[in-house]
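Please find below a short note on the side-chain contacts and strand pairing of the structure under review. The points are numbered for ease of reply.

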Amino acid sequence: MRAIEPNRSRRAASFAVAAAILVTATKARAADWPIIQGTEEGRPERAVVPFGFVQVTGEGMLGSEVTGLTKPPLRAHEGERPTFNAVDSGGTWGFAVRRARPGLRGSLPGTDQRVSYFLLAELGTAPIARNGPALTDANITFSYVPGARVRIGQMKMPTLDEGTESNPVAAEWISFSQPGAQLVAESRVEKGAYVGGASGFRDVGVEVFDSFQWGKVALSYAAMIGNGRPNALEADGPKELAARTTFSWVFSGKRSDPHRQELSVFAWGQRGERDVDGLRVQRIRSGAGVHLEKEPFRIRAEVVHAQGALFLGPSPPFAGSPLVVSPYGRAIGGYVQARIRVLGRVLVGLRYEELHRSTENETALRISRGLSPMAEVDIGKHVRLQATYDARWLMAPHASPDAKTVAAAMGDRVSAQATVVF
């Protein structure tokens with residue numbers, strides 16, 4: 001096994017310090033998601049409960065083609081639209097059933113809800129179903145040992161907030177943050193192309209978890225060992241380790257409430273190995289943050305660090321280019337987001353995000369920034385209408401003039417989405 005190279009740029013260290021200061025001063029969304037998703041606590045005892053949700057999304061890219069390229073090989077892409085200025089189909093706007101997830105959940109009769117299951121499939125166009133319909137979750141939870149529930153099967157890993165929360169209920173921005181999407185969510189790449197669907201923040205394995213509350217103080221933990229990828233059976237080789245802990249001050253609500261009012265601090269880590277172009281390297285991800293849910297406000301800040309098996313996307317960033325994964329790449333990013341409920345069913349908010357990618361190599365360094373206002377209208381209990389505008393910037397401060405030209409072409413994105421939960 002090869003070790004990750006220890007070099008870290010001063011710029012990345014500076015960003016880490018700034019992000020850490022920001023995290024300690026801010027707060028965000030909260031809920032005990034491992035309890036909510038997979039146990040039947042707080043629900044009537046039933047053996048089979050159909051559930052699910054559908055999200056229909058419209059998306060448009062406002063960026064243009066790249067002009068002014070001077071040297072090969074980038075000169076060959078003069079007048080083309082970069083992949084970051086296109087939707088999945090390669091066009092500039094369109095509609096898609098982003099997620100269509102029917103499922104079943106329940107508890108086994110005669111077990112006093114100590115044995116429960118959670119089954120969910122993806123029939124939409126989300127990356128986890130890149131090769132067609134796929135299972136997202138298929139797990140069984142045993143709640144016999146006080147303080148140590150055991151979950152086996154395919155499930156969400158205990159990592160960042162965006163990965164653990166329930167998207168149709170909790171996600172207030174249509175797209176994941178750049179740190180979450182680029183550093184934690186994973187797609188396997190071989191010979192410059194995707195292999196299978198994306199991870200969807202999930203893995204197959206065994207998780208031990210639970211939560212405790214003493215008056216207003218709550219503590220939760222989760223630790224998981226898995227294969228390192230969902231929808232796969234690996235009999236040997238190194239396994240993936242992930243763990244998360246959260247300390248909360250609860251204003252009101254039970255741990256089975258997805259909108260429990262609380263102030264929390266959390267930390268998590270993930271470690272495994274990947275094969276990158278014949279090199280066996282470590283893939284390490286970690287993060288920390290703080291969050292507040294106290295109506296009418298929800299505020300969250302989180303910082304994410306990554307090293308090893310760093311996905312860089314197509315290189316150069318034009319259609320048909322091979323996908324690249326940096327074996328020893330490093331990155332650090334973070335985001336701050338806040339929303340307020342106004343007029344009862346109307347919510348408005350703002351998110352700022354920043355990502356420094358390939359910090360170990362000045363020439364390859366890319367800095368992404370985004371500012372995203374959002375609006376949401378809740379139509380009844382089970383229907384949400386959302387709109388997000390993503391102002392985006394990409395910089396290549398030490399790259400070639402052509403690379404800077406390509407980076408400067410990044411445009412904004414506008415999205416609208418309807419979610420129905422059943």
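1. Does Phe212 count as buried, partly exposed or exposed, and what is its relative accessibility? In this predicted model, Phe212 has a relative accessibility of 31%. It counts as partly exposed because that value falls between the 20% limit for buried and the 50% limit for exposed residues.

2. The aromatic pairs number 6 in the structure. One of them joins Phe212 to Trp214, with the ring centres 6.1 Å apart and an angle of 15° between the planes. This pair is classed as stacked because planes under 30 degrees apart count as such. Trp214 is exposed, at a relative accessible area of 53%. Together with Tyr221, Phe212 and Trp214 belong to a cluster linked by ring pairs.

3. Two arginine residues place their charged ends over aromatic rings. For Arg105 the ring is that of Phe51, with 5.8 Å to the ring centre. For Arg130 the ring is that of Tyr194, with 3.8 Å to the ring centre.

4. Strand S20 (residues 413-421) runs antiparallel to strand S1 (residues 49-61), to which it is joined by 9 bridges. Within this pairing, Gly58 has Ala416 of S20 as its bridge partner. S20 also runs antiparallel to strand S19 (residues 383-395), with 8 bridges between them. Opposite Arg413 in S20 stands Asp390.

5. The salt bridges amount to 32. Asp161 takes part in a salt bridge with Arg244, where the closest N and O atoms are 2.6 Å apart. This contact links distant parts of the chain, since Arg244 belongs to strand S10 (residues 240-252) and Asp161 to helix H3 (residues 161-164), 83 residues apart. Both Arg244 and Asp161 are buried.

6. Asp161 also meets Arg300 in a salt bridge, at 3.5 Å from N to O. Arg300 lies in strand S13 (residues 297-307) and Asp161 in helix H3, so this pair ties together parts that are 139 residues apart in sequence. Arg300, like Asp161, is buried.

7. A further salt bridge connects Arg369 and Glu354, with 3.2 Å between the closest N and O atoms. Arg369 is in strand S18 (residues 366-379) and Glu354 in strand S17 (residues 346-357), 15 residues apart. How do the two partners differ in exposure? Arg369 is partly exposed, with a relative accessible area of 28%, whereas Glu354 is buried, with 10%.

8. Finally, salt bridges that share partners connect Glu172, Glu293, Glu295, Arg298, Arg339, Arg341 and Asp378 in one network.

Definitions and conventions
Residues numbered from 1 in each chain as written. Predicted model: local features only at pLDDT ≥ 70, side-chain atom pairs only at ≥ 80, totals over all residues. Heavy atoms only, no water. Phe/Tyr/Trp six-rings, centres within 6.5 Å; stacked < 30°, edge-to-face > 60°. Buried < 20%, exposed > 50% of the residue type's maximum accessible area, 1.4 Å probe, protein only. Lys NZ or Arg CZ within 6 Å of the ring centre and 35° of its normal. Pairing = 2+ DSSP bridges. Helix = DSSP H or I, 4+ residues; strand = E, 2+ residues; numbered from the N terminus. Salt bridge = Lys/Arg side-chain N within 4 Å of Asp/Glu carboxyl O.
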